[in-house]
Amino acid sequence: MAKFVVSGGVPLCGVLDIQGAKNSVLPIMAAALLADGDCVIEHCPDISDTDCAIEILSELGAFVSQKRDVDGSRTVYINSSNALGFEIPDKMMRKMRSSVIFLGAILSRRGRALISFPGGCELGPRPIDLHISSLRKMGVRINETHGFLDCECERLHGTDIDLAFPSVGATENIMLAAALCDGETVINNAAKEPEIEDLQNFLNKMGARISGAGTGCIKINGVHRLNGVRHRVIPDRIAAGTYLCAVAATRGNALLKNAEPSHMSSTLAFLSDCGCDIKVFDKDISVSCDELHSVRHIRTMPYPGFPTDMQAVFMALMTKAKGNSVFIETIFENRFKHIGELHRMGANITTDGRVAVVEGVKKLYGAHVESTDLRGGASLIIAALAAEGTSIIDNIFHIDRGYDHIENALSALGAQITREQ
Ligand code: EPZ
């Protein structure tokens, strides 16, 4: 199994381009199922979750090809005219639980869908009750049998939906199911993440009539046809936040280019609060850090609050900050698995349920650790970069799900990190 070998103690310095957003490209690839014609999606990150989405589209009968761009990202070409499939094989659902995002688009296109329950993942149970109840309100008959969702509908229809929680995936599934259905659908308490706005922009370019993304209320007026379009995916705000934390943890000095600072207000605020010198120049962000002190209280919240996806990464930064930090993970039930591995490197963290208290230590030490999930794995890399000595990080397939060749990005900033079999 591949692993990363990291030698810590080197300040990261230099310039880095930010990859396209994983959590934007996945729903946009699902939306391409709705197009009559070719969709060209630019700035796709070269990550395994994108590969998985391409596999699913091909399985459904879409024609998908891709080419690598000079900046290392990919342009993906999708033609769904022959995408008559309606079943996502269990092995694909297990490989990427967010494949549930294809459900709304498949139902809109075929009136039928058969998928297995995405099931839990490293972050704990990942229910989809909000997806199911919303689609049922739109006229979908859903039979939950033996771990499978057997769905069918003659005709989807618009309706008012009040989400009990601003679920990103449920908001996206409703938008995809409603774009081509009769009438108006209103989503109240919708997720406000930038990736939702990117999906709205993509669908509206195709001819959809959607408004309100980024606010708590999204209105979708169904249309009869959606056309293939070209679209560039927004920058990945979590990858950008990860690299900012890596530079800060090594007391480095770097410039991130082609980011989207306006999507990162809470992350940038916390980085400034803990002593980083953050400067924003249009789409670029510079970061330098001499002295790091703790942020007393970090609570993860739905956007625009502090992102749950930044929790593990920012915690790695706080392990060597002066003072204590209290993390409260309000979004996922079990998103502290990285803490046991950080302990192996000398971090001083105590947990109680969804609360973790980090007491800053003077030093971290290289160790042999295991990635537990995507962002937990990234937190181990940051800790290893800040540690004295060499670390080995196993199970890096988790990290490859969402970071586009992270070892190349970090090496470009001077990090001593190699991928070894
Ligand atoms: C998306 O997951 C992201 N994934 C996650 O990023 C991110 O952490 C999450 O949103 C929150 O921002 C993608 O976009 C592919 P949710 P999603 O539905 O859609 C509960 C990463 O690291 N819930 O907003 O699955 C759920 O259990 C990944 O890039 C229900 O109870 O998130 C969780 O506690 C990890 N019922 C909370 O809502 C439902 O029907 C947030 O879930 C759906 C969700």
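Strand 2 (13–17) and helix 14 (406–411) each give at least two residues to the lining of the second largest pocket, which makes a handy place to start on this predicted model. From there we can move to the largest pocket, where the ligand sits, and then to two cavities of 30 Å³ or more found by a search of the whole structure. A couple of backbone details round off the tour.

**The second largest pocket**

- This pocket has a volume of about 350 Å³, and strand 2 makes the top contribution to its lining, with three residues.
- Its lining counts 19 residues, and those nearest the centre are Asp 17, Gln 19, Asp 71, Gly 72 and Asp 404.
- Sorted by class, the lining of the second largest pocket holds eight polar, six nonpolar and five charged residues.

**The largest pocket**

- Here the volume is about 1300 Å³, and 50 residues form the lining.
- If you want to find the middle of the largest pocket on screen, look for Arg 97, Arg 126, Val 168, Gly 169 and Phe 332, which lie nearest its centre.
- Two or more lining residues come from each of helix 1 (22–31), helix 3 (90–95), helix 5 (129–137), helix 6 (168–178) and helix 12 (374–386).
- Helix 1 provides the largest share of this lining, with four residues.
- The lining of the largest pocket is made up of 23 nonpolar, 18 charged and nine polar residues.

**The ligand and its shell**

- The ligand sits in the largest pocket and has 24 residues around it, with Asp 129, Leu 130, Ser 167, Asp 309 and Ile 331 coming nearest.
- Asp 129 also has a side-chain N or O atom 2.8 Å from a nitrogen atom of the ligand.
- On the ligand's oxygen atoms, one lies 2.8 Å from a side-chain N or O atom of Arg 375, and for Asn 23 the corresponding distance from a ligand oxygen is 3.1 Å.
- On its own the ligand has 820 Å² of accessible area, and the protein covers 86% of that.
- Helix 1, helix 5, helix 6 and helix 12 each contribute at least two residues to the shell around the ligand.
- By class, that shell has eleven nonpolar, seven charged and six polar residues.

**The cavities**

- The largest cavity encloses about 50 Å³ of space, and its lining consists of Ala 21, Lys 22, Asn 23, Glu 195, Asp 236, Arg 237, Ile 238, Asp 309 and Arg 375.
- Helix 1 and helix 8 (237–249) are the elements that supply two or more residues to the lining of the largest cavity.
- Six charged, two nonpolar and one polar residue make up that lining.
- Asn 23, Asp 309 and Arg 375 are among the residues lining the largest cavity; you met Asp 309 as one of the residues that come nearest to the ligand.
- The second largest cavity holds about 30 Å³ of space.
- Its lining is formed by Ala 249, Arg 251, Leu 292, Ala 316, Leu 317, Thr 319, Lys 320, Leu 364 and Ala 386, which divide into six nonpolar, two charged and one polar.

**Backbone details to look up**

- The peptide bond running from Tyr 303 to Pro 304 is cis, with omega near 10°.
- Pro 304 itself is located in the loop between strand 18 (297–299) and helix 10 (311–318).
- His 43 has a positive phi of about 70°, although this residue is not a glycine.
- You will find His 43 in strand 3 (residues 38–44).

Technical notes: Residues numbered from 1 in each chain as written. Predicted model: local features only at pLDDT ≥ 70, side-chain atom pairs only at ≥ 80, totals over all residues. Heavy atoms only, no water. 1 Å grid on protein atoms, 1.4 Å probe; cavity = no way out; pocket = protein on both sides within 12 Å on 5 of 7 lines; lining within 4 Å. Points joined across faces, edges and corners; volume = space filled by probe spheres on them. Nonpolar A, V, L, I, M, F, W, Y, C, P; charged D, E, K, R; others polar. Near = heavy atom within 4 Å. Polar contact = N/O pair within 3.5 Å; in protein donor to acceptor, adjacent residues only side chain to side chain. Areas by Shrake-Rupley, 256 points an atom, 1.4 Å probe, with all protein chains shown as cover. Sits in = over half its atoms within 2 Å of the grid points.
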